[in-house]
Amino acid sequence: MFTAVEGARVPIRMWADPATVEDAAMRQLHNVANLPWVHGLAVMPDVHYGKGATVGSVIAMRDAVSPAAVGVDIGCGMSAVRTSLTAGDLPDDLGKLRRRIEDAVPVGFAMHRTPVNPARVPGTGGWNEFWSAFGQLHDGVQNLRDRARAQIGSLGGGNHFIEVCLEQGGPDAGRVWLMLHSGSRGIGNELAKRHIDVARKLPHNADLPDRDLAVFVAGTPEMAAYRRDLFWAQDYAARNRATMVALVQQAVADTVPGVRFDEPISCHHNYVAEETYDDVDVLVTRKGAIRAGSGDLGIIPGSMGTGSYIVRGLGNETSFHSASHGAGRRMSRTKARKTFTAADLAAQTDGVECRKDEGVVDEIPAAYKDIDSVIKAQTDLVEVVAHLKQVVCVKG
């Protein structure tokens, strides 16, 4: 259940304990709740400080949207696929499987040398129309078309990952799942930064408490341009994940012939949607949150050593049909690198085939909140469908 924090123009509905939220994040929440365009604000249990708006916040606005409150990785989200395999079907050498996945999907700053043929991505269409729309995007990205094509089907770095997981408990214990986390790559970031810069310079944003909360308002050319680029980037992110799913499935099939795959589950967690609440049409920004409408399947990951959850939404309108997007960080990347060593990372990821070097220490499990506690804090938002534990984790 949520706690209503009063004192702002609209109540702040929190599925996190307000006493555990850092002061800087609480200031951000109050700043958002006092914006004149805000219809409501819901805060997920994985909430933490972000740029302009906290990660883990759901902002419903009337006739307005804040590009910084969407985030710079537009359309970032998750995909998961249940396979026909069980734990005993996996090779004894999981390092071989990890390397096969890394050969198929570029990670970090890498990209495909030749763009992936869309014919390899089942369940998608409209690729010609999608790429034709690139010419209508912001003038500042028109030189990035070839790079954007080459990055379709690539992972990136940071908290993005590809995992092979085993289902925990229940009649399907040991069932193998594939899971991945990524977004709109460089092109989404470039579009977001350019529109944030435009919004900051608009006169109606001059007196905001935080310049990163600058908004576009309905009926203006700036809003129309942002919506065009935003929805294109969200589509790019979905196509990027679908392409990676196809590539990872092929990597697994090459390693374990005869495997079959269920239909993928996919969900954005940095995006905008047009929805209606209290008979009011609003633009809902989910920055580090998934849609959890009644029956919606979603994915809530933990860290690279703790496991993840497949969930089904309960349609709770007080959260604007939303739930958390993951465990959420409890310390910054800088603090994690200063606090932990590669040896700590190796200990905390024992049993997982993954990188265990200094380059990913900032992703150590101890830098994240406890995923089980995050799930327990939102039992009125989602129900658990499956609990997964990774045995392979690929990071950039």
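**Entry 1: α3 against α7**

I began with the place where helix α3 meets helix α7, in what is a predicted model. From α3, I listed Leu-97, Arg-100, Ile-101 and Ala-104; on the α7 side they meet Leu-247, Val-248, Ala-251, Val-252, Asp-254 and Thr-255. Sorting the residues of this contact by type gave me seven nonpolar, one polar and two charged.

Next I looked up the geometry. α3 covers residues 94-104 and α7 covers residues 221-255; their axes come within 9 Å and cross at roughly 140°. I noted α3 as oblique to α7 for that reason, since an angle has to be over 145 degrees to count as roughly antiparallel. The crossing of these two helices is right-handed.

**Entry 2: α6 against α7**

I then turned to the pair α6 and α7. Helix α6 takes in residues 185-200, and its axis is 9 Å from that of α7, at an angle of about 165°. I therefore wrote down α6 and α7 as roughly antiparallel to each other. Here the crossing is left-handed.

The contact list took up some space on my page. α6 contributes Arg-185, Ile-187, Gly-188, Leu-191, His-195 and Val-198, while α7 contributes Glu-222, Ala-225, Tyr-226, Asp-229, Trp-232, Ala-233, Tyr-236 and Asn-240. By type, I have eight nonpolar, three polar and three charged residues in the contact of α6 with α7.

**Entry 3: two glycines**

Which contacts does Gly-183 make beyond its neighbours within four places in sequence? I found Asp-73, Ile-74, Gly-75, Cys-76, His-160, Ala-237, Asn-240 and Arg-241. Gly-183 sits in the loop between β8 and α6. Its relative accessible area is 0%, so I marked Gly-183 as buried. I also checked Ala-233, which is 50 residues away along the chain from Gly-183; their C-alpha atoms are separated by 8.9 Å.

Is Gly-174 buried or exposed? Its relative accessibility is 17%, and because buried means under 20%, Gly-174 counts as buried. I placed Gly-174 in the loop between β7 and β8, the latter being residues 175-182. Setting aside the neighbours within four places in sequence, I saw Gly-174 in contact with Leu-85, Thr-86, Ala-87, Leu-166 and Glu-167. From Gly-174 to Leu-41 I read 39 Å, C-alpha to C-alpha, for a pair 133 residues apart in sequence.

**Entry 4: the seven-stranded sheet**

On to the sheets. I traced an open sheet of seven strands in the order β10-β6-β8-β7-β17-β15-β14, with antiparallel pairing. At the edges are β10 (265-268) and β14, each with a single partner strand, so one side of each has no neighbour in the sheet. The twist from one strand to the next averages 30°.

I stayed a while at the β14 end. How covered is strand β14, residues 297-301? Four of its five residues are buried, so I called β14 mostly covered. Five bridges pair β14 with strand β15 (residues 308-313) in the antiparallel sense, and one detail I wrote down is that Leu-297 has Arg-312 as its bridge partner in β15. The two strands make a hairpin with six residues between them, and in the turn Gly-307 has a positive phi of about 100°.

Moving inward along the order, I found β15 joined to strand β17 (residues 382-395) by six bridges, again antiparallel. Val-311 stands opposite Val-384 in β17.

Helix α3 came back into view here: α3 lies across β7 (161-168) and β17, running at about 90° to β17.

**Entry 5: the six-stranded sheet**

My last stop was the open sheet of six strands, ordered β1-β2-β3-β4-β12-β11, where the pairing is mixed. The edge strands are β1 (3-5) and β11 (270-277), each pairing on one side only. I noted an average twist of 20° from one strand to the next.

At the β1 edge, three bridges join β1 to strand β2 (residues 12-14), and the two run antiparallel. Ala-4 stands opposite Arg-13 in β2. Helix α1 (residues 23-33) packs on the sheet and touches β1, β2, β3 (38-48) and β4 (55-61); the direction of α1 makes about 165° with that of β3.

At the other edge I met α7 again: α7 lies across β11 and β12 (280-287), at about 115° to β11.

Technical notes
Residues numbered from 1 in each chain as written. Predicted model: local features only at pLDDT ≥ 70, side-chain atom pairs only at ≥ 80, totals over all residues. Heavy atoms only, no water. Buried < 20%, exposed > 50% of the residue type's maximum accessible area, 1.4 Å probe, protein only. Pairing = 2+ DSSP bridges. Axes fitted to C-alpha atoms, helices over the stretch in contact; angles between N-to-C directions. Contact = heavy atoms within 4.5 Å. Parallel < 35°, antiparallel > 145°, perpendicular 65-115°, else oblique. Left-handed = near helix turned anticlockwise from the far one by under 90°. Nonpolar A, V, L, I, M, F, W, Y, C, P; charged D, E, K, R; others polar.
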